[in-house]
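Here's a quick look at one helix and one pocket. Have the model open while you read.

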There are 2 protein chains.
Amino acid sequence: VDHDALEACPKLTGAFGLLGKRWNALILDLLAVRPLRFSQLDQAIPGISDRMLGERLRELVAAGLLEHDRPPQGPAIYRLTDAGRSLQPALEAIRGWWAKLEHDSDRARAALPASRPAR
Amino acid sequence: VDHDALEACPKLTGAFGLLGKRWNALILDLLAVRPLRFSQLDQAIPGISDRMLGERLRELVAAGLLEHDRPPQGPAIYRLTDAGRSLQPALEAIRGWWAKLEHDSDRARAALPASRPAR
């Protein structure tokens, strides 16, 4: 029986406590392409500062989603762990959802009489 | 050819610009159960203020993910639009991902000798 005992899902609360932090989903998505250096991530994400990127990478490593190799020479390389990689289907689902949303809202705008070019 | 021309995905940037805002994913997830009144959402989400819930609901309505009916008597009822509902498979994927992450980290902790009960 339903006694209005609704409760926000603790799992989603936890997941979005991490993924909701700005840039985190983008970092995980970029590293799904291939392992990347700090400077490559920095260039790929418009508007992120070095300090913020460093902080986010540390958080994602601590959460077990990334790991980094530090080769004897050259900069560290960040890569997804299995746990990080296993988020990818969910990110694809969100990407597809947003793409459809944009498409539908473009179509809705195009269907408005006011938006038709004058003849 | 790969010229390091990596770029953060604009679709994910857009999606997490909205979903990354605190509470939004939880609100959409709760309304997937059934339409709810403001006070029911307020009770179901620990720590949210009335002001913040009102702001989030307005944003989600503006984004086309929620709509609300205002019956002649009684408070408004919020429900998902088709666009809001179509996010649900992605939220399920994220919920499952987080559940597995928690499970695996519990198992990893349990496997540490130090965490075994003394005999």
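## A helix with two faces

In this predicted model, helix 4 of chain B buries L53(B), G54(B), R56(B), L57(B) and L60(B); buried means under 20% relative accessible area, exposed over 50%, and partly exposed in between, with a 1.4 Å probe and protein chains only. Those residues sit on the same side of helix 4 of chain B because they cover an arc of only 165 degrees around the axis, taken from the directions from the helix axis to the C-beta atoms. An α-helix has 3.6 residues a turn, so residues three or four places apart point the same way. Flip to the other side of helix 4 of chain B and you'll find R51(B), R58(B) and A62(B) exposed. After helix 4 of chain B comes G64(B), with a positive phi near 80 degrees.

What covers the buried residues of helix 4 of chain B? These elements of chain B are included (contact means heavy atoms within 4.5 Å; helices are DSSP H or I runs of at least four residues and strands E runs of at least two, numbered from the N terminus):

| Element of chain B | Residues |
|---|---|
| Helix 1 | 10-19 |
| Helix 2 | 24-31 |
| Helix 3 | 38-44 |
| Strand 2 | 66-69 |
| Strand 3 | 77-80 |

Residues are numbered from 1 along each chain as its sequence is written, and chains are lettered from A, ligands numbered from 1, in the order written. Local features need pLDDT of at least 70, side-chain atom pairs count only at pLDDT 80 or more, totals for chains, interfaces and linings use all residues, and side-chain values use heavy atoms, leaving out hydrogens and water.
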